[in-house]
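Here are a few exercises to work through with the model open in your viewer. Try each task before you read its solution.

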Amino acid sequence: MIGYVIITHDRPAKPDGFWFTIEKNAENVQIGSYIITEGDGQRIIGVVEDEEYYSVTDATSQYFSEIMASGGPSLPTYPIVIKIAKARIVAREPSLSVPPKSRWPVRFLNAKDAEVLHKNIPDDKRILAGFLTGSSEPVPVYYHANFLLGDQAAHMNIGGKTGLAAKTSYGVFIAQAVLSWAKKHGEPTAVVMFNVKRGDLMTLHKIPKNMKDAEEKIKSWAKKTGQPDKAEIYINLWNSAISTEEIDPFGIEVKYFTYPTDPYIKELDNAKYRYRLYRYGLNDITVHELLAALYSPHEEIPMTQVNHVYAYLETMKQMNRQVSFKEMYTHMHQYASYEPREVRDALSTRQPTPQQIVIRSRFNAPLLDNWHISVAGAIERRLGGFMDRARGAIDSTSPSCSPIKFTDIEPYKINVIQLYGLTDSEKRLVVNAVLREISDGLAVGESQIGAKRIMILIDELNAYAPKTKSPIKEQIIDITARGRDLQLSMIGIQQFASGIDTQVYGNCSTKVIGNSDIAEINSPLYKYLGEFSRIVPLLGKGELIIYHPMYASPMPVIFPVPLHEVM
Ligand SMILES: Nc1ncnc2c1ncn2[C@@H]1O[C@H](COP(=O)(O)OP(=O)(O)O)[C@@H](O)[C@H]1O
Ligand SMILES: [Mg+2]
């Protein structure tokens, strides 16, 4: 028991929230606490979003009472402190849009009450999102599968400070929750994750043997990371999630895709975790993907260069000729060396001059209608720089190599694609090519045996979908705009949502935010947080605020540290 709903002229109860009293002995009512109030056959669940302590005196009288006490033997007199809190309504039964009717009693939420919270999510659609904060026992919170993975709604965005918000860790937690749900209900679903930061996702398969082993490791992890109080909480959360079969961290397999020179390959030596090597030749990618790799996201690509690349590759296609990056480079060099008329004359004349004989022997590029020496030269330099810097995802000598195919993506597994160590250009190339392969695969229903639903996790989304005008983000915009019909969903992760393409961010129906600076949170993008914006700079690791279409309000939640991180 905490107190009672306040219905007064200065603090009226409203359809979306109400104030309530906090009795003297009610400890632990804080922002993020979940409460329930009942009366007249109605139940209302709320989350505390504001709290005030005050007394009926003013600052001046408090001051004088302290002065008087300090001059003599008497102690200062303490006026009664009035404590009240404001709850934002999250869920209710029956579904009504009216304020609570009278001074109903308010108490903390327990696991049994949580059914009201989830009544809009059928049992077989529940994907674990985390647990309610400030509760003495683990109370799970769910996402609705059809609103996270399509086709009703889709996509999630996770934001917050690097190292503090535990964004990547939450992405892994959600991946495991999604796959556990998929296995339980026989829904062929795959998760694809791009690894962009060192070993972040390259050791997902290295986890404790069982829960007993995990308990030991969580304890020493908590000690080592200076958060000893978290050990017991997280052990409880894991035990709860495993016993209810909401997550089975021990039963989820990981498949890795990486490039031959990746230094992290040695992490994958275990025979059980076989990996597949990938490499891309020019013929394995589209013109669009080539352009997105050659030019950086923030630059405006000259149309003359775009047209030349298109004309060249289109002509090659019509001639049924497959080219490697190197051959294309050589051809660009030829276009950059001779004027179109020079070449045409050299090829058509009956009596070539010595100079024309040289051209005839050197020029083997397809003869385009027209080109500009300087344009071809610019492309030649781009391509040359790209090939020089490429570290391993590119095979420049063979037209076709071993690209990642839709059928390589295995359902019920986390498919990790290693990007770390590649140049930014290569990363863009691989990401765009994989996204295309997946959307095409799902679109033609190639998935008789493969995945019917795919969730893609893109860390450092700002590099792939920046706010600035950029041709590289088209693929991602397309997925967020149309993916849900294909049951193709994306989890985008970045520090600042304000740096992300507005359409991409706007299409994410689920938003998650961890510790962030007030300057970022003041952006209009975070309006949905309401009063909660004030606690965002105070959130600890493992604490997040989620906003999902199934709930009337954003909700503070906690999640336990992923098990591969405690090793
Ligand atoms: N639930 C959690 N509670 C406490 N610490 C966590 C939790 N999940 C992850 N961490 C720790 O927080 C740190 C940052 O996590 P990470 O996911 O890499 O953050 P980000 O991706 O936001 O930079 C890691 O050292 C990790 O061990
Ligand atoms: Mg991260």
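A residue counts as buried when its relative accessible area is under 20%. Keep in mind that this is a predicted model.

**Exercise 1. Describe the ring pair of tryptophan 221 and tyrosine 234, and say whether these residues are buried or exposed.**

Step 1: Two numbers are needed, since a pair of aromatic rings is described by the distance of the centres and the angle of the planes.

Step 2: For tryptophan 221 and tyrosine 234 the centres are 6.3 Å apart and the planes stand at 35°, so the pair is tilted. The tilted class applies because this angle is neither under 30 degrees nor over 60.

Step 3: Now place the pair on the chain. Tryptophan 221 belongs to helix α5 (residues 211-224) and tyrosine 234 to helix α6 (residues 230-243), with the two positions 13 residues apart in numbering.

Step 4: Both tryptophan 221 and tyrosine 234 are buried.

**Exercise 2. Do likewise for phenylalanine 325 and phenylalanine 386.**

Step 1: Their ring centres lie 5.7 Å apart with the planes at 55°, so this pair is tilted.

Step 2: The pair links distant parts of the chain, with phenylalanine 325 in helix α9 (residues 325-337) and phenylalanine 386 in helix α12 (residues 373-389), 61 residues apart.

Step 3: Phenylalanine 325 has a relative accessible area of 0%, so it is buried. Phenylalanine 386, at 3%, is buried too.

**Exercise 3. Which residues come nearest to ligand 1, and which polar contacts hold for its atoms?**

Step 1: The shell has 18 residues, of which Gly163, Ser169, Tyr234, Phe559 and Glu565 come nearest. Phe559 also forms an aromatic cluster with Tyr170, Phe173 and Trp238.

Step 2: Sort the shell by class: eight nonpolar, six polar and four charged residues. Helix α4 (residues 167-185) gives the most, with three residues.

Step 3: An oxygen atom of ligand 1 is 2.8 Å from a polar backbone atom of lysine 167. For threonine 168, a side-chain N or O atom is 2.8 Å from an oxygen atom of the ligand. A nitrogen atom of ligand 1 is 3.4 Å from a polar backbone atom of valine 561.

Step 4: Taken on its own, ligand 1 has 570 Å² of accessible area, and the protein covers 87% of it.

**Exercise 4. Which strands stand at the edges of the six-stranded sheet, and why does each have a side without a neighbour?**

Step 1: The open, antiparallel sheet runs in the order β1-β6-β3-β4-β5-β2.

Step 2: β1 (3-4) and β2 (17-21) are at the edges; each has a single partner strand, so one side is left without a neighbour in the sheet.

Step 3: β1 pairs with β6 (residues 105-108) over two bridges, and glycine 3 has valine 106 as its bridge partner in β6.

Technical notes:
Residues numbered from 1 in each chain as written. Chains lettered and ligands numbered in written order. Predicted model: local features only at pLDDT ≥ 70, side-chain atom pairs only at ≥ 80, totals over all residues. Heavy atoms only, no water. Pairing = 2+ DSSP bridges. Helix = DSSP H or I, 4+ residues; strand = E, 2+ residues; numbered from the N terminus. Near = heavy atom within 4 Å. Polar contact = N/O pair within 3.5 Å; in protein donor to acceptor, adjacent residues only side chain to side chain. Areas by Shrake-Rupley, 256 points an atom, 1.4 Å probe, with all protein chains shown as cover. Nonpolar A, V, L, I, M, F, W, Y, C, P; charged D, E, K, R; others polar. Phe/Tyr/Trp six-rings, centres within 6.5 Å; stacked < 30°, edge-to-face > 60°. Buried < 20%, exposed > 50% of the residue type's maximum accessible area, 1.4 Å probe, protein only.
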